[in-house]
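Hi everyone, thanks for making time today. Please have the sequence and the structure open, and we'll go through a few spots together.

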Amino acid sequence: MKSLFVTATDTDIGKTSVCAGIAHSLKKSGIDVGIMKPFACGVKQKTGFSSKDLSILSNAANVCDPEEFVNPFFFPIPTSPYTAAKNLGVKIDIKHVTKCFRKLNKIHDIILVEGIGGIMTPILKDYAIIDLIKDLNANTIIVTSSKMGTMNHTIMTCNMCKNMKIPVKGLIINNFDSTGYPISELERDLSVLTNLPVLCSLPHLTKFNLADFSEMITSQVDISTLIN
Ligand SMILES: Nc1ncnc2c1ncn2[C@@H]1O[C@H](COP(=O)(O)OP(=O)(O)OP(=O)(O)O)[C@@H](O)[C@H]1O
Ligand SMILES: [Mg+2]
C-alpha cells in the first residue's frame, strides 16, 4: 500500500498547499492518486465537501471519492478532533478511519493523507495524529515554516517522530511568512539539528497558484522517492 502522510509543525503552515502540490504533480505524471483528510474541523462549506481542504485536495488530484471515505470525521468547530468530539458527543472510531484508508488504497495507486494541526493534535485521550500515522504505516513528510519559533517546533516534531519510530522522509520549508529566518540558514541548521533532509524550500507567493506551487515542488524533489 503506497501512501504519504503530510503533517506539519502546526496549523496553517501549508499542509493542504503542499499536499495539493504533490497530488497535482503525481496526477500530471499519470499516477492515479487518491487523497484523504481523516479528520477535519472548521467552518462547514456550503457546497461540495464540508471541509475546504478536501475540496482543494480533490481538485488537485482530480478525484471525487465519496466524502464518507475521504473525510470520515468532520466537525464544524475550529478546534481539535478530541475537543470537538467531546463538545458534540461524537464517538471517534479509529478502526473506521483505517478501514476507509484501506478502501481508498485499493482503488488508487497512491494515497496522500493530510493530517490536522501537528503531530500531537489529540484525537482520543491517548491517541494523537502521530498514533494515526503509525497505524496507517505511512511514510511522512513534515511541513515547517520559516517564522521565528520554527526551530523549536520542528525539533520537537522530529524528536517525537524518532521516539515513535515514524519513517520521516524529510522536511519541506514553506516560506509563507517572508519575515522569518533566512531560508539558507534554516536549511543548513534544520538538516543538522534534526538529522533529516530538507527536501525543498518553497517561496512566499503573493498570489497563491497551485500549478506554480506544484512545479516548484517537483523541480526540487523526486516525489517518487517519497512514496512506497
Ligand atoms: N508559500 C505560500 N505563499 C503564499 N501563501 C501560501 C503559501 N503556502 C500556503 N499559503 C496560504 O496559506 C494558507 C494556509 O495554508 P494551508 O491551508 O495549506 O495550511 P494548512 O497547514 O493546511 O492549514 P490547516 O491546519 O488549517 O489545515 C492558505 O491560504 C494558503 O493558500
Ligand atoms: Mg489544511
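Let's begin with Thr16 and Glu114: are they buried or exposed? Both of them are buried. Keep in mind as we go that this is a predicted model.

Now, what do these two residues have in common? Together with Asp53, they are the protein donors of the magnesium ion, ligand 2. Thr16 offers its OG1 atom, Asp53 an OD atom and Glu114 an OE atom, and these lie 2.0 to 2.2 Å from the ion. If you want to find the donors in the sequence, look for the spacing T-x36-D-x60-E along the chain. Thr16 sits in helix α1, while Glu114 belongs to strand β5, residues 110-114. They are 98 residues apart, so this pair links distant parts of the chain.

Let's stay with helix α1, which covers residues 15-28, and look at its partner α2, residues 52-61. How do the two helices sit against each other? Their axes come within 7 Å and cross at roughly 20°. Angles under 35 degrees count as roughly parallel, and that makes α1 roughly parallel to α2. The crossing itself is right-handed.

Which residues meet there? On the α1 side we have Thr16, Cys19, Ala20, Ala23, His24 and Lys27. Facing them in α2 are Asp53, Ile56, Leu57, Ala60 and Ala61. Sorted by class, this contact has 7 nonpolar, 2 polar and 2 charged residues. You may recognise two names from the magnesium ion: Thr16 and Asp53 are among its donors.

One more residue in α1 to point out is Ser25. Its relative accessible area is 10%, and since buried means under 20%, Ser25 counts as buried. What does Ser25 touch, leaving aside its neighbours within four places in sequence? It is in contact with Ser214, Thr218 and Ile223.

Last stop: two asparagines with a backbone angle worth a look. Most residues other than glycine have a negative phi. Asn137, however, has a positive phi, near 55°, and phi of Asn195 is also positive, near 65°. Where do we find them? Asn137 is in the loop between α6 (129-136) and β8 (139-145). Asn195 is in the loop between α8 (183-194) and β10 (198-202). Exposed means over 50% relative accessible area, so Asn137, at 67%, counts as exposed. Asn195 is exposed too, with a relative accessibility of 67%.

That's my tour, thanks for listening!

Definitions and conventions
Residues numbered from 1 in each chain as written. Chains lettered and ligands numbered in written order. Predicted model: local features only at pLDDT ≥ 70, side-chain atom pairs only at ≥ 80, totals over all residues. Heavy atoms only, no water. Axes fitted to C-alpha atoms, helices over the stretch in contact; angles between N-to-C directions. Helix = DSSP H or I, 4+ residues; strand = E, 2+ residues; numbered from the N terminus. Parallel < 35°, antiparallel > 145°, perpendicular 65-115°, else oblique. Left-handed = near helix turned anticlockwise from the far one by under 90°. Contact = heavy atoms within 4.5 Å. Nonpolar A, V, L, I, M, F, W, Y, C, P; charged D, E, K, R; others polar. Donors = N, O, S within 2.8 Å, 3.2 Å for Na, K, Ca; no water. Buried < 20%, exposed > 50% of the residue type's maximum accessible area, 1.4 Å probe, protein only.
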